[in-house]
6 protein chains.
Amino acid sequence: MTQPNITRPSGRTPTQLRPVSISRAFTKHAEGSVLIAFGDTKVLCTASILEKVPPHKKGSGEGWVTAEYGMLPRATHTRSDREAARGKQSGRTQEIQRLIGRAMRSVFDLKVLGERTIHLDCDVLQADGGTRTAAITGAYVAARDAINTLLASGVLKSDPIIDSVAAISVGIYQGVPVLDLDYPEDSSCDTDMNVVMTGKGGMIEVQGTAEGPAFTRPELNALLDLAQEGIRDLIQLQKEALK
Amino acid sequence: MTQPNITRPSGRTPTQLRPVSISRAFTKHAEGSVLIAFGDTKVLCTASILEKVPPHKKGSGEGWVTAEYGMLPRATHTRSDREAARGKQSGRTQEIQRLIGRAMRSVFDLKVLGERTIHLDCDVLQADGGTRTAAITGAYVAARDAINTLLASGVLKSDPIIDSVAAISVGIYQGVPVLDLDYPEDSSCDTDMNVVMTGKGGMIEVQGTAEGPAFTRPELNALLDLAQEGIRDLIQLQKEALK
Amino acid sequence: MTQPNITRPSGRTPTQLRPVSISRAFTKHAEGSVLIAFGDTKVLCTASILEKVPPHKKGSGEGWVTAEYGMLPRATHTRSDREAARGKQSGRTQEIQRLIGRAMRSVFDLKVLGERTIHLDCDVLQADGGTRTAAITGAYVAARDAINTLLASGVLKSDPIIDSVAAISVGIYQGVPVLDLDYPEDSSCDTDMNVVMTGKGGMIEVQGTAEGPAFTRPELNALLDLAQEGIRDLIQLQKEALK
Amino acid sequence: MTQPNITRPSGRTPTQLRPVSISRAFTKHAEGSVLIAFGDTKVLCTASILEKVPPHKKGSGEGWVTAEYGMLPRATHTRSDREAARGKQSGRTQEIQRLIGRAMRSVFDLKVLGERTIHLDCDVLQADGGTRTAAITGAYVAARDAINTLLASGVLKSDPIIDSVAAISVGIYQGVPVLDLDYPEDSSCDTDMNVVMTGKGGMIEVQGTAEGPAFTRPELNALLDLAQEGIRDLIQLQKEALK
Amino acid sequence: MTQPNITRPSGRTPTQLRPVSISRAFTKHAEGSVLIAFGDTKVLCTASILEKVPPHKKGSGEGWVTAEYGMLPRATHTRSDREAARGKQSGRTQEIQRLIGRAMRSVFDLKVLGERTIHLDCDVLQADGGTRTAAITGAYVAARDAINTLLASGVLKSDPIIDSVAAISVGIYQGVPVLDLDYPEDSSCDTDMNVVMTGKGGMIEVQGTAEGPAFTRPELNALLDLAQEGIRDLIQLQKEALK
Amino acid sequence: MTQPNITRPSGRTPTQLRPVSISRAFTKHAEGSVLIAFGDTKVLCTASILEKVPPHKKGSGEGWVTAEYGMLPRATHTRSDREAARGKQSGRTQEIQRLIGRAMRSVFDLKVLGERTIHLDCDVLQADGGTRTAAITGAYVAARDAINTLLASGVLKSDPIIDSVAAISVGIYQGVPVLDLDYPEDSSCDTDMNVVMTGKGGMIEVQGTAEGPAFTRPELNALLDLAQEGIRDLIQLQKEALK
């Protein structure tokens with residue numbers, strides 16, 4: 001499938017990521033604290049080490065990795081209700097935090113981690129599309145930093161992280177597969193897909209949804225090709241940030 | 001990818017669906033009421049016509065299609081807490097009901113529906129894997145029946161349903177792609193994927209998750225091939241049930 | 001009090017039960033699983049054995065028997081809100097599940113049961129009046145089946161069930177005491193009474209309410225006479241179902 | 001059934017009410033405010049007039065009468081959790097307030113009341129058994145006072161209250177039917193029954209429960225006889241209080 | 001600052017408290033039970049002794065003192081929603097109960113108390129301004145009574161209460177500092193301040209709020225002078241009540 | 001009162017503020033968005049303009065100013081539960097957001113604002129003591145920016161902000177009154193006071209609490225002197241930031 005000439009709202013080419021920045025040690029208390037930006041999308045990802053595990057892991061010798069996700073009320077164009085004030089997390093929030101948790105667990109050996117929890121908190125300070133993929137990509141770096149403190153202090157003898165992991169969105173915008181949807185694209189595209197992959201190139205999650213008309217196998221393949229390229233770049237950016 | 005010889009717990013071949021049954025008019029009050037069974041998975045899907053729409057559709061001239069999902073506490077091997085008693089729906093429940101809602105909206109023309117809501121309730125009476133795919137496949141039939149009452153009574157002049165829709169799960173079990181996972185397979189497979197497609201063959205949702213090691217593009221392709229076959233059969237079974 | 005000629009909406013005589021059916025092993029996971037129908041009222045009653053007790057029984061050597069009740073949203077003429085989505089059980093639901101729990105405990109010797117819980121779940125698939133009395137009548141059969149598995153496996157040496165129990169509604173409809181109200185009668189009758197009795201003929205609960213004008217002692221007596229007859233029949237039907 | 005010689009913890013005879021006092025205008029803001037004492041059980045019943053009705057009565061021309069019930073945390077022997085802090089009302093609380101509401105509505109002509117609500121709040125300051133029956137008996141007096149203000153001011157031209165209403169508990173204590181159970185009796189009696197009757201002698205609610213062994217028709221009859229006597233006295237005490 | 005001639009709605013002079021009454025043993029179950037009235041404001045304060053402590057004190061050898069606050073729905077001019085029915089306590093309620101708890105802990109030596117909790121419940125039966133200050137002043141007397149039972153029974157060898165504590169409101173009403181605001185003053189005053197002090201004259205809490213224009217240091221000083229006088233009188237009234 | 005030589009954990013003198021920075025337009029969607037830092041305490045304050053008012057202001061011609069407060073879970077030394085996941089805001093959170101709201105309303109003329117709401121969200125990214133005072137000080141700048149957009153666009157003809165407002169904490173640390181407590185001081189000081197004042201020097205809120213022994217009038221005066229100095233500096237810093 002050739003990439004025809006379309007004009008993306010941002011002026012990017014169909015295969016172009018937004019500028020990505022990854023700032024470590026953004027806040028001082030968390031064992032890992034990363035501000036990640038995919039263009040105007042900014043997510044603060046912290047990794048906390050808790051010396052306890054949830055009930056289903058007690059006595060198992062294994063640890064746990066979990067995630068929570070939130071958006072500041074005015075991270076968005078118009079103010080959203082504060083979930084703490086409403087008294088519950090939306091279905092969307094729960095869906096996203098479950099996705100982040102699964103993605104992070106996919107690169108952890110919970111036995112090596114031992115009976116402790118890595119709790120990832122991904123809070124969106126500013127939203128412009130792709131908050132869940134930025135969250136996964138940043139959470140990996142925060143987790144890496146947190147685990148490094150455990151290795152440095154000798155609490156852990158060997159590394160429970162077995163691979164890196166990153167995520168990107170792709171979609172069909174004006175008939176053309178494009179990489180890393182920003183908000184204007186996300187809110188008007190036909191098909192939206194989030195892909196999570198490891199540093200070694202394995203696929204962890206593929207979540208594609210037709211927002212308008214159904215999509216075809218060739219379109220799906222084109223989107224996956226794009227996503228693989230994008231994630232390869234993100235994995236490289238993670239490496240550089242962790243140097 | 002050739003299908004090697006494995007023994008599925010149920011004795012099925014890798015490409016074999018469980019016996020599917022679709023019983024219409026299972027309960028008497030709902031405008032559409034379908035008991036669908038995928039083997040031992042049994043889901044009661046009702047479609048209710050409500051002559052009102054949610055706030056974001058008020059005055060738009062358009063209707064809405066939405067879904068809720070639940071499991072009876074003892075639909076499962078061990079009793080689960082009743083969500084009504086716990087006071088909230090789990091993240092899993094919300095994720096599934098959002099998926100069902102999106103799948104059903106993909107085959108509706110909301111303008112033709114007019115300012116009314118089709119509310120689908122999918123309640124699992126007995127669970128043995130694949131409850132969400134059975135729910136989508138059954139909900140379509142319930143919705144079809146409900147819309148037919150509106151067409152028959154003249155409330156609707158033309159049909160707001162533009163295609164049929166069904167769903168199936170596929171996964172990699174003992175290294176082999178298999179169709180329509182039952183619970184023993186689901187709880188031990190490496191990769192689990194749910195696919196939603198329309199009667200015309202378009203893809204609506206693809207949700208693949210590596211439960212263990214990451215999966216590859218060839219594996220993904222093999223799974224999608226299997227799913228397409230399975231959904232083709234389900235669409236045919238829906239047609240027969242609706243005769 | 002003689003029974004004058006009235007026409008019940010169903011064509012039944014004042015002293016006539018609806019057709020009752022009791023199907024055991026309706027679902028496969030629960031230790032007891034009964035679909036009971038009182039005419040068009042259909043309730044799925046499951047009995048789960050849990051090897052734990054609530055806090056107030058811990059260390060007492062005694063077990064516990066409890067019940068929960070729910071209605072599928074479209075069990076009723078018009079769709080009711082799903083309690084799990086609303087985030088709380090209604091007062092009516094709590095009232096009913098407390099009644100079922102008391103009724104079932106009245107035939108259990110909790111010492112003989114030992115420190116385990118019989119958890120009864122009564123879920124209304126289709127409602128046409130009398131859901132709480134059907135639930136009690138069916139829950140007894142489900143509990144009986146569950147206890148039988150414990151006796152068969154030798155976990156229990158002696159039987160903790162000391163009697164059978166069933167329930168029926170009676171009411172004054174168009175001035176006439178009638179047995180086993182269906183929905184059209186229930187929603188327009190003057191006095192509504194639910195009676196729970198044991199196989200040996202003892203009374204466990206009598207709950208009579210004037211929906212319109214107050215009722216008199218003679219009317220109360222006539223209603224209790226009717227209920228005693230009806231429950232005697234239900235106890236017989238339970239016995240046959242359990243053969 | 002003859003009344004054998006038993007010793008009630010309070011020294012009362014089986015047919016003796018506790019001392020009852022009814023203090024009107026106990027607090028100053030409510031349109032009706034009554035402190036009622038059945039012995040050591042003390043309930044503050046207020047009646048508030050609200051110039052609005054719940055949704056199901058809007059535009060009907062009819063009013064509504066409803067009740068809420070609460071216990072101060074240390075109304076009881078040991079402190080109970082505050083329901084406002086726990087975030088929900090117990091099943092027992094909801095059961096009781098629904099009972100009070102039904103009892104009060106049974107003596108109101110909602111058409112004559114017009115589109116306004118009488119909201120009764122029954123808050124137990126001190127509990128010693130029989131709080132729900134004291135609440136009903138006191139709520140009637142509070143409602144009467146509130147309606148009188150509407151009649152006095154000319155807002156209402158005719159009286160929407162068509163009868164008086166009171167309630168009492170009866171039970172089988174040490175094998176003997178006794179009237180007006182106090183806490184020591186209530187917590188150890190075999191059968192417990194609450195009866196609501198009108199001034200004209202009609203029965204509104206009969207709620208009898210076997211706490212231990214089942215009860216018989218003759219026992220039920222003896223309890224109802226006792227209750228009728230007791231309520232007759234309460235109705236008289238209401239009249240005197242309202243003079 | 002001289003006190004100019006203003007007319008307070010109650011006819012009091014600016015420095016005059018409302019009539020204060022303190023009735024001990026108002027209810028019978030609580031270890032301390034005090035009905036305190038500041039004019040028409042009436043608060044029932046009970047002190048309960050619980051032989052357990054919250055998690056953060058477990059194993060510390062120290063006790064805990066905590067408070068909860070509530071208003072009966074019709075304690076106020078117009079009926080307020082019942083917090084138990086709404087399912088949560090308002091911000092105002094939480095603010096007040098945290099204040100009462102801090103005030104009471106300020107006069108307790110938690111080590112001497114040992115691992116038990118004094119739970120204070122302050123429930124407003126009738127509100128006319130100043131409910132939180134009446135609650136603190138009454139809660140002290142209830143706590144004193146509860147501790148006395150522990151000393152009398154020998155459970156405690158020495159007294160964990162190290163001082164007395166009371167509270168009063170002051171405000172600027174029509175430009176004049178006045179003591180002990182009642183509701184008409186409270187709802188129209190410019191500055192409102194609550195002051196908590198001990199019997200020895202130390203300050204525990206000062207909470208001043210400009211409801212209208214900002215206040216000045218001289219005004220603040222005048223208010224504090226007034227409050228000190230008022231609290232001195234309240235401490236004296238507590239002493240007399242405890243004789 | 002002379003300031004004796006103590007060593008503050010931060011090395012500051014008793015009268016010294018932490019370094020304060022105020023960054024405007026920190027995020028792009030909100031009409032006002034300010035990141036304020038008091039040393040290591042960092043709070044993101046956004047001001048949102050909503051063209052609607054809460055029910056109690058509807059039809060009044062007046063606007064409303066309100067605030068919400070939150071802490072990211074890992075803003076603190078050890079991870080705190082996410083309030084959105086727990087399903088309610090803590091008493092502390094509600095107390096703080098009510099304080100911020102009152103402070104901001106004290107400098108607004110709600111009539112001039114017209115029927116719209118300024119919604120302030122103060123989210124703590126990193127906590128090191130004094131989050132509520134930083135929040136108030138930053139929220140003013142965010143509100144100023146938001147109002148300026150309304151003035152610039154001509155929606156507002158005249159300025160509804162009548163003064164500036166800022167806040168600071170003071171406390172008695174090791175016997176010495178100190179300005180702007182950081183976390184190590186806050187968690188071990190005897191008396192803690194938060195003071196809110198306007199640009200013109202009026203007092204809006206004084207909230208002083210003895211955490212340990214009671215405080216005296218002279219100590220209170222010394223604290224207020226310190227706070228006045230500190231707020232004067234903050235007001236100046238706000239002005240510079242707004243240039």
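Visitor: In which helix of chain A is Thr131(A) found?
Guide: This is a predicted model, in which local features need pLDDT of at least 70, side-chain atom pairs count only at pLDDT 80 or more, and totals for chains, interfaces and linings use all residues. Residues are numbered from 1 along each chain as its sequence is written, chains are lettered from A in the order in which they are written, and side-chain values use heavy atoms, with hydrogens and water left out. With helices taken as DSSP runs of H or I of at least four residues and strands as runs of E of at least two, numbered from the N terminus, Thr131(A) belongs to helix α4.

Visitor: Is Thr131(A) buried or exposed?
Guide: Buried means under 20% relative accessible area, exposed over 50%, and partly exposed in between, with a 1.4 Å probe and protein chains only. Because its relative accessibility is 6%, Thr131(A) counts as buried.

Visitor: Which residues does Gly130(A) touch, not counting residues up to four places away in sequence?
Guide: Gly130(A) lies in the loop between β5 (117–126) and α4 (131–152) of chain A, and with a relative accessible area of 15% this glycine is buried. Taking contact as heavy atoms within 4.5 Å, the residues it touches beyond that sequence window are Arg18(A), Phe38(A), Thr41(A) and Leu181(A).

Visitor: What is the relation between chain B and chain C?
Guide: Copies are superposed by least squares on the C-alpha atoms of residues with pLDDT of at least 70 in both. Chain B can be laid on chain C with an RMSD of 0.0 Å by a turn of 180° and a shift of 0.0 Å along the axis. That is the relation of a two-fold axis.
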